[in-house]
Amino acid sequence: MLSERFTAALIYATELHAKQVRKGSGVPYIAHLLGVASIALEHGANEEEAIAALLHDAIEDQGGVATREEIRQRFGENVTAIVDGCTDAHTTPKPPWKQRKEAYIAHIPTASPSVQLVSAADKLYNAQSILKDYRLVGETLWERFQGGRVGTLWYYRALVDAFNKTKVTPLVEELERVVLELEMLTNLKLPR
């Protein structure tokens with residue numbers, strides 16, 4: 001069961017991301033955080049993993065090192081370690097897109113099971129959102145992403161491959177199905 005720690009994390013995440021919206025959609029960012037936490041919980045997350053799911057973008061998008069320290073003080077080392085493992089940049093400005101994504105992919109096979117769970121939940125939510133939005137707006141969708149169509153699809157295929165190097169789980173299998181559907185819809189087959 002979830003305790004008051006989860007409730008506190010939900011309130012904190014809502015406050016941190018109150019003015020943030022999803023790229024191109026205008027949907028309040030908290031929808032993403034709730035979705036990632038839901039996917040993680042549905043795939044066996046414990047409370048600390050669920051809290052980290054709510055906070056997985058906090059360091060990257062809402063304050064860097066200062067936010068990291070606040071998370072550590074409020075929710076402890078384990079939650080902070082999971083959030084760190086899901087963060088592709090701690091600095092502003094962020095390093096170049098491709099460099100960040102390559103480093104993130106490279107760390108997935110050696111990340112803790114908790115990081116892999118929360119990260120895969122995040123990537124599944126994102127891939128599902130991309131698929132839904134692609135069906136709605138078509139090719140203009142790719143203008144939202146630094147990697148464009150080719151880079152974005154490369155990133156998600158590379159993530160699937162990285163997750164599959166550790167342990168194939170129903171969560172990763174679902175991520176692979178969504179990525180494959182995106183590739184088929186966009187008629188883009190990337191070399192493996």
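On a 1 Å grid over the protein atoms alone, a pocket is an open set of points where a 1.4 Å probe fits, with protein on both sides within 12 Å along at least five of seven lines, and its lining residues are those with an atom within 4 Å of a point. Grid points are joined across faces, edges and corners, and a volume is the space filled by probe spheres set on the points.

This is a predicted model, in which local features need pLDDT of at least 70 and side-chain atom pairs count only at pLDDT 80 or more, while totals for chains, interfaces and linings use all residues. Residues are numbered from 1 along each chain as its sequence is written, and side-chain values use heavy atoms, with hydrogens and water left out.

**Pockets**

The largest pocket has a volume of about 790 Å³, and of the 33 residues that line this pocket, R22, K23, Y29, N126 and F145 are the closest to its centre. Helix 7 (113-137) is among the helices that supply at least two residues of this lining, and helix 7 gives the largest share, 8 residues; helices here are DSSP runs (H or I, at least four residues), numbered from the N terminus.

The second largest pocket has a volume of about 230 Å³, and its lining includes H43, P113, F163 and K167. Helix 7 and helix 9 (170-185) are the elements that give two or more residues to this lining, with the largest share, 4 residues, coming from helix 7.

In the table, Ala, Val, Leu, Ile, Met, Phe, Trp, Tyr, Cys and Pro count as nonpolar, Asp, Glu, Lys and Arg as charged, and the others, Gly among them, as polar.

| Pocket lining | Nonpolar | Polar | Charged |
|---|---|---|---|
| Largest pocket | 11 residues | 8 residues | 14 residues |
| Second largest pocket | 7 residues | 4 residues | 1 residue |

**Salt bridges**

Side chains of opposite charge can pair when their charged atoms come close. With a salt bridge taken as a side-chain nitrogen of Lys or Arg within 4 Å of a carboxyl oxygen of Asp or Glu, the count comes to 17.

One of these salt bridges joins K94 and E60, at 3.5 Å from N to O, and this pair links distant parts of the chain, 34 residues apart, with E60 in helix 4 (residues 58-61) and K94 in the loop between helix 5 (64-85) and helix 6 (97-107). Buried means under 20% relative accessible area, exposed over 50%, and partly exposed in between (1.4 Å probe, protein chains only), so E60 at 17% is buried, whereas K94 at 35% is partly exposed.

D84 and R68 also meet in a salt bridge, at 2.8 Å; D84 counts as buried at 18%, and R68 is partly exposed at 25%.
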